[in-house]
Structure formats: structure tokens, C-alpha cells
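Grab a coffee and open the viewer. Here are a few exercises to work through with the model on screen.

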Amino acid sequence: MEAEAAKYIGAGIACLGMGGAGIGLGSIFGNYLAGALRNPSAADGQFGRLIFGFAVTEALGIFSLLVALILLFA
Amino acid sequence: MANDPIHQFQIQKIFPIEVGGMDFSFTNSSLFMVLTVAATSAFLIFSTSGRGLVPSRVQSVSEMMYEFVASTLRSSAGTEGMRFFPLVFSLFMFVLVANLFGMFPYFFTITSHIIVTFALAMLVIMTVIIYGFMKNGMKFLKLFVPSGVPGALIPLVTLIEVISFLSRPISLSVRLFANMLAGHITLKVFSGFVVSLSAMGAVGVFGSILPLGMTVALTALEFLVAFLQAYVFTVLTCMYLNDAIHPSH
Amino acid sequence: MMSSQNGDGEDRAAGSSEAGLSERRAQLNRKLDGIRAVEEKAARKSQSSSSGYAQAMKLSSEFIAGVLVGAGIGWVTDQWFGTSPFGLIVFLLLGFVAGVLNVLRSAGVVEDQDAKIQREKDVQNDRTD
């Protein structure tokens with residue numbers, strides 16, 4: 001196999017990690033919504049923590065995007 | 001191919017013009033931009049020509065638009081921001097009328113091309129930058145240094161703020177472009193289902209009622225999106241202009 | 001519309017005394033302030049509860065724009081200074097942070113002082129209503 005082809009395949013495989021981040025984000029927002037429906041008055045106060053969880057989870061997804069971009073462009 | 005959902009976004013030259021090796025052709029995109037501007041100006045001039053103290057029906061429509069944009073601008077950029085009213089009102093009317101023009105069958109949607117929306121967004125951002133430096137001088141750079149940040153973090157935070165500022169024209173243009181493009185493609189795909197299903201005989205004609213209903217519902221949604229995106233574009237323009245007028249946060 | 005109403009008010013007030021006029025004007029001002037406050041509150045409320053689809057589009061495009069700009073800047077620095085791949089790494093992460101900041105800002109979590117004070121005032125008004 002040529003090195004160029006292996007690079008593109010590797011970038012594609014690295015992007016699978018984004019799927020994991022997607023599952024995590026779904027879990028975070030779903031649980032937030034479930035909690036918010038149980039106790040709507042407490043929901044606004046936890047919005048900051050929701051975004052914190054979103055940021056940490058998405059950061060891991062961004063790492064896999066980073067690996068893919070490095071494979072493609074660097 | 002008539003059923004290709006991308007076909008409607010193709011640019012066709014109407015009068016080929018070439019100046020010094022560069023392509024300045026008058027395309028269908030330019031035609032619809034001219035039509036948009038002409039329709040907007042004609043409507044506003046016609047509706048306000050009566051100047052009635054008690055407005056007629058058309059006059060009250062244009063007064064409502066005026067009031068709507070003016071109150072949006074005033075609430076986010078203050079009375080000082082009203083000097084940008086001509087710019088903001090023109091942008092709002094252009095985007096709104098261009099979006100609504102795209103809803104006519106066989107019409108070209110100019111806001112579904114990213115270069116058009118990016119040019120509009122750059123117009124806004126360049127206004128913010130040039131006016132910000134003209135009015136505040138070097139104090140405009142305070143926009144990138146939030147107050148109350150510990151000294152060691154300032155370079156990092158400033159870098160992040162600069163990237164955040166640079167991402168504004170991108171998000172402004174991509175949002176309008178993506179909404180219009182996706183909406184029109186969806187419409188075309190669903191109406192394509194109706195045609196290809198009804199070509200399949202009696203059962204197909206019966207089955208094509210579902211996508212037909214979907215197309216009608218999507219058309220209504222698209223009208224909402226056309227208005228909503230013009231409004232969002234205006235609100236964000238006002239917020240960015242506010243940064244130019246009051247840079248420190 | 002507005003000017004005709006004002007004209008009416010002045011015509012009626014012209015007959016009364018100076019004190020009555022100023023009192024009437026103060027009353028009108030108070031009424032107008034009240035109406036304006038209600039309208040502003042309604043406008044803010046309607047802004048915050050605009051359609052969820054539009055808000056989701058807004059937030060996600062803010063986030064993606066941050067990441068894209070970061071990656072773009074990183075790529076350009078790599079091309080110019082030959083620091084490949086560190087420019088891309090650093091600026092992509094910074095772009096990610098900027099994207100989160102954009103999201104927080106447009107969701108109204110990071111707000112400036114005036115807005116916070118205004119909101120607290122609103123909350124108090126709501127309680128007294």
C-alpha cells in the first residue's frame with residue numbers, strides 16, 4: 001500500500017473517535033434534560049456545569065479530529 | 001438532469017463579460033441581486049410615497065419593518081448605534097427579500113452561495129473594525145482583553161478572544177448559507193419523490209400523497225426560516241456593532 | 001400616529017393651568033415608562049424562548065466556526081514558520097476553547113455586568129408583580 005493511501009485511511013479511522021464524543025454528548029444532554037424535567041427549578045442553576053461537561057467531552061472528540069487533521073495536513 | 005437537487009444552485013452566465021482576463025460576467029446570481037435591490041427599493045419608495053399621517057396598509061408594513069429593525073438595533077447597540085441604522089436596515093431588507101425571492105419556483109436563491117453571505121459578513125466585520133479604530137483608537141483593542149483576568153492568563157485569554165473574534169464572520173455567513181442551502185435541497189428532494197412515485201402507476205400516485213404533504217409543510221417551514229435567518233443576521237450585526245461602539249466589557 | 005396623539009394632548013392641556021400641565025406630563029411619562037418596561041421585558045423573553053431549532057443551529061455554528069478558525073490559523077502558521085505539526089495542535093485547541101466561549105456567550109452564561117443587574121431587577125419585578 002502506498003503511504004499516501006495509508007494516511008487517508010488513518011485519517012478516516014481517527015475520525016471514528018468523534019462518534020464516541022457524539023455518544024457522550026448525547027448522554028450528557030439527555031441526562032440533563034431528564035433531570036431538568038424532574039426538577040425544572042434547579043435546571044437553570046446547573047447550566048454552567050452542563051456546558052463544562054460538554055466542553056470536557058467535546059475536547060476528547062477534538063483530539064481525534066486533531067489526529068485526523070495532522071494526518072491529512074501536517 | 002431535472003431531478004438533481006444541486007442543479008438549482010448552478011450559476012449561469014447571461015451576458016459574458018471579460019475584463020483583462022478576469023470574469024465579470026452578468027450571471028443569474030447578479031440578476032437576482034439586482035432584482036432584490038430593485039424590488040426592495042420599489043416597495044419602500046412606493047409604500048412611503050403617500051406619507052399619510054394615518055398610514056395606509058402598505059405604508060404600515062414598511063413602518064413596521066422600520067420600527068422592528070430600529071428597536072432591535074436600539075436595544076442591543078443603544079441610541080449611539082442608530083447611526084448604523086441605514087446599514088443594518090439595508091442588510092436586513094436585502095437578506096430577507098433575497099431569502100423570500102428564493103421561495104418562488106424557478107428563482108435563484110442568492111443567499112445559498114457562501115461567497116455572497118461571506119461578503120455580507122465581511123462587510124459587517126470590516127465596519128466594526130474600521131469604525132472601532134476610528135472612534136476608540138487603540139482602546140478598541142481592549143475588546144480582546146477582558147477585565148478582571150489574572151496577569152499570567154492575559155496572553156492566553158487574549159489569543160482566545162482574538163480567535164473568537166475571527167470566528168464571527170465565519171459563523172455569521174455559514175449559518176445563513178447552510179440554512180438556505182439545506183432547506184432548498186430538502187424541498188427539492190421531497191418534491192422529487194412526488195414526481196418519481198407518481199410515475200409508478202396508480203399505487204405510486206396514492207403513495208405520493210405523503211411526500212406531497214411533507215413538501216407543503218416544508219415550504220411553510222422554509223418561509224419561517226427565511227425570516228428567522230434574516231432576523232438572526234440582523235441581531236448579530238447589531239451585537240457586533242455594539243462592540244465597536246463600546247469596546248470594553 | 002404618535003405625533004397626532006401628542007397634538008391632541010397639547011390641545012386639551014392648553015386650556016388648563018401650568019401646574020396641571022406639568023402634572024399631566026409627569027403622569028404621561030410614568031405611564032410611558034411603565035409600558036416601555038413591559039415591552040422591553042416581553043422582547044427579552046421572546047428572544048430567549050425563540051424556536052429551539054434556530055437556537056441549536058446558532059450554537060453549533062458558533063462552536064464549529066471557532067474550531068475551524070483555530071485549525072485554519074494553525075495550518076497557516078505551520079506553512080509560514082515550518083513548525084508542523086505544533087501550530088495546528090496548539091491553535092486547534094485554542095480554537096476549541098474559543099468555540100466554547102462563543103457558545104457560552106451566545107447562550108448568555110457569560111454576560112456583562114449591566115445585563116446581570118438588569119436581570120436581577122427583572123426578577124425582583126416579577127416577584128412584586
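The exercises below, each with a worked solution, concern a predicted model.

**Exercise 1. Work out which secondary structure chain A has, and whether chain A is spread out or compact.**

Solution.
- Step 1: Count the elements. You should get four helices and zero strands in chain A, in the order α-α-α-α along the sequence.
- Step 2: Check the radius of gyration. Chain A comes out at 17 Å, while the globule rule gives 11 Å for 74 residues, so chain A is more spread out than a compact globule.
- Step 3: Look along the principal axes. The C-alpha trace of chain A spans about 60 × 15 × 10 Å.

**Exercise 2. Find what share of chain A is buried, and what its accessible surface is made of.**

Solution.
- Step 1: Take buried as under 20% relative accessible area. By that cut-off, 27% of the 74 residues in chain A are buried.
- Step 2: Turn to the surface. Chain A has about 4,600 Å² of accessible surface, and carbon and sulfur atoms hold 71% of that.

**Exercise 3. Compare the UniProt "transmembrane region" spans of chain A with the model.**

Solution.
- Step 1: Pull up the record. The unreviewed UniProt entry lists residues 9-30 and 50-73 of chain A under that name.
- Step 2: Take residues 9-30 of chain A. This span is 95% helix and 0% strand, with its end C-alpha atoms 33 Å apart.
- Step 3: Do likewise for residues 50-73 of chain A. Here you get 100% helix and 0% strand, and the end C-alpha atoms lie 33 Å apart.

**Exercise 4. Describe how chain A meets chain C, and say which three residues of chain A supply the most buried area there.**

Solution.
- Step 1: Count contacts, meaning heavy atoms within 4.5 Å. On the chain A side 14 residues take part, touching 16 residues of chain C.
- Step 2: Add up the area. The two chains, A and C, bury about 1,300 Å² between them, with 93% of it on carbon and sulfur atoms.
- Step 3: Name the top three. A:Ile51, A:Ile62 and A:Leu66 supply 34% of what chain A buries against chain C, more than any other three residues.

**Exercise 5. Locate the largest nonpolar core and find which helix gives the most to it.**

Solution.
- Step 1: Find the centre of the action. The largest nonpolar core has 44 residues, and B:Val88, B:Phe89, B:Val128 and B:Phe233 have the most contacts inside it.
- Step 2: Rank the helices. H3(B) gives the most, with 12 residues.
- Step 3: Zoom in on B:Val128. Leaving out residues up to four places away in sequence, B:Val128 touches B:Phe140, B:Phe165, B:Tyr240, B:Leu241 and B:Ala244.
- Step 4: Look elsewhere. Apart from the largest core lies another, of 17 residues, including A:Ile62 and C:Phe96.

Notes: Residues are numbered from 1 along each chain as its sequence is written. Chains are lettered from A and ligands numbered from 1 in the order in which they are written. This is a predicted model: local features need pLDDT of at least 70, side-chain atom pairs count only at pLDDT 80 or more; totals for chains, interfaces and linings use all residues. Side-chain values use heavy atoms; hydrogens and water are left out. Helices (H or I, at least four residues) and strands (E, at least two) are DSSP runs, numbered from the N terminus. The radius of gyration is taken over C-alpha atoms; the globule rule is 2.2 Å times the number of residues to the power 0.38. Buried means under 20% relative accessible area, exposed over 50%, partly exposed in between (1.4 Å probe, protein chains only). Accessible areas come from the Shrake-Rupley method with a 1.4 Å probe; for residues, only the protein chains shown count as cover. A nonpolar core is a set of buried Ala, Val, Leu, Ile, Met, Phe, Trp, Tyr and Cys residues joined through side-chain atoms within 4.5 Å. UniProt positions are given in the numbering used here, feature names are shortened, and annotations may be inferred rather than shown by experiment. Buried area is the accessible area (1.4 Å probe) that two parts lose on being put together, summed over both.
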